[in-house]
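Here's a quick briefing to go with the model below. Have the viewer open while you read, and follow along one topic at a time.

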Amino acid sequence: MSTVFETALAGKHVVIIGGSSGMGKATAKMAVALGAKVTLASRSLAKLEAAAAEVGGVVQIAPVDTTDEVGVKSWAASLGAVDHLVISASSAAHGAYEELPTDALRGMLEAKFIGPYVAVREVLPALTKGASITFFSGVLSRRPSAGTTGLAAVNAAVEALAKGLALELSGRARVNCISPGMVDTEAYAAMPEEAREAMYAQVGGSLPVGRVGTAEEVAQAVVLSMTNNFLTGTVLDVDGGHLVRS
Ligand SMILES: NC(=O)c1ccc[n+]([C@@H]2O[C@H](COP(=O)([O-])OP(=O)(O)OC[C@H]3O[C@@H](n4cnc5c(N)ncnc54)[C@H](OP(=O)(O)O)[C@@H]3O)[C@@H](O)[C@H]2O)c1
């Protein structure tokens, strides 16, 4: 017997910008397992090829940089019909308010807010009836910590974008935003393993669930965003209780 998620996603075209890694890649795997056709986009062709081999069932990979408006436009025009658009691409610079270089702030804003803003506008004509758009923010939007003010503000902007578009695109697409807490993904791959594990233990230990999240747990929320036709204008916190921790 097929599940409600299989019925909703079978044969659908799911486009994931940021799909070569982490939660985007986990979403791709889940969508393919539920019968969807998936397009993966991100900057690095090598990462896309590796992800496509891992995910299986990918119909298209596309080197796309959300900060390149011209490139995003021409890629979007070539996509064909799109049932669900997911944008997990991100740039996340940390640094104290007085020390974070302005260019790092601009880079985050370009990659995580302006790029997705433009990408949605360009993909809009390709969206089918019943389409959904899913953005990614993060817990910092509502619980910033010292050294994350810029990123927190960018995340808050993404959440406002999702809510505004849920109204503006009413009847054309449902729009939601996933706000993850700390999730074990390739985003932390550059850290020395010992430091990374210590960070996971420290943050995870402060959460009601007692651990950091997995990419698959967040992918489940993206599937909900894609398939629940009563869900729009929502920021879905998938954070192990981060926002209610003391
Ligand atoms: N992991 C966490 O703990 C955490 C916590 C809170 C919020 N988040 C947010 O959740 C989302 C997913 O995070 P993640 O951990 O899954 O990230 P990730 O593993 O680092 O993956 C990011 C993806 O985005 C792509 N990307 C980055 N910049 C891009 C650009 N300018 N244009 C197009 N693609 C780009 C990357 O591939 P290329 O390098 O090939 O471009 C990669 O596929 C992000 O928005 C992140 O800020 C994550």
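**Lys29 and its neighbours**

Lys29 comes out as partly exposed, with a relative accessibility of 33%. Keep in mind that this is a predicted model. Lys29 is a handy way in, as it belongs to a network of salt bridges together with Lys25, Glu54 and Glu186. A search through the whole structure turns up 9 salt bridges. After the network, we'll move on to the sheet and then to a patch on the surface.

**The salt-bridge network**

- Lys29 pairs with Glu54, and their closest N and O atoms are 2.7 Å apart. That salt bridge links distant parts of the chain, since Lys29 sits in helix 2 and Glu54 in helix 3, with their positions 25 residues apart.
- Glu54 also meets the side chain of Lys25 in a salt bridge, at 3.1 Å from N to O. Here too the pair links distant parts of the chain: Glu54 is in helix 3 (residues 45–55) and Lys25 in helix 2 (residues 22–33), 29 residues apart.
- Lys25 has another salt bridge, this one with Glu186, where the closest N and O atoms lie 2.8 Å apart. Lys25 is in helix 2 and Glu186 is in the loop between strand 7 (183–184) and helix 7 (193–205), so this pair ties together parts that are 161 residues apart in sequence.
- Buried or exposed: which is Lys25? Lys25 is buried, because its relative accessible area is 11% and the cut-off for buried is under 20%.
- The two acidic partners are a bit more open to view: Glu54 is partly exposed at 43% relative accessible area, and Glu186 is partly exposed at 38%.
- As general background, side chains of opposite charge can pair when their charged atoms come close.

**The sheet**

- What is the strand order in the open sheet of 7 strands? Reading across, the order is 3-2-1-4-5-6-9, and the pairing is parallel.
- Strand 3 (58–63) and strand 9 (235–238) stand at the edges; each has a single partner strand, so one side of each is left without a neighbour in the sheet.
- From one strand to the next, the twist averages 20 degrees.
- Strand 1 (residues 13–17) and strand 2 (residues 37–42) run parallel and pair over 5 bridges. If you want a spot to check, Ile17 has Ala41 in strand 2 as its bridge partner.
- Helix 3 packs on the sheet, where it touches strand 2 and strand 3, and its direction makes about 165 degrees with that of strand 3. Helix 3 is also where Glu54 sits.
- Strand 4 (residues 82–87) is joined to strand 5 by 5 bridges, and these two run parallel as well. One place to look is Val82, whose bridge partner in strand 5 is Leu127.
- Why is strand 5 (residues 127–136) described as largely enclosed by the rest of the structure? The reason is that 7 of its 10 residues are buried.

**A nonpolar patch on the surface**

- Val4, Phe5 and Leu224 make a nonpolar surface patch of about 240 Å².
- Phe5 belongs to helix 1 (residues 4–9).
- Phe5 counts as partly exposed because its relative accessibility is 31%, and a residue needs over 30% to be part of a patch.

Methods: Residues numbered from 1 in each chain as written. Predicted model: local features only at pLDDT ≥ 70, side-chain atom pairs only at ≥ 80, totals over all residues. Heavy atoms only, no water. Patch = residues over 30% accessible without salt bridge, like charges linked within 9 Å, V, L, I, M, F, W, Y side chains within 5 Å. Areas by Shrake-Rupley, 256 points an atom, 1.4 Å probe, with all protein chains shown as cover. Salt bridge = Lys/Arg side-chain N within 4 Å of Asp/Glu carboxyl O. Helix = DSSP H or I, 4+ residues; strand = E, 2+ residues; numbered from the N terminus. Buried < 20%, exposed > 50% of the residue type's maximum accessible area, 1.4 Å probe, protein only. Pairing = 2+ DSSP bridges. Axes fitted to C-alpha atoms, helices over the stretch in contact; angles between N-to-C directions. Contact = heavy atoms within 4.5 Å.
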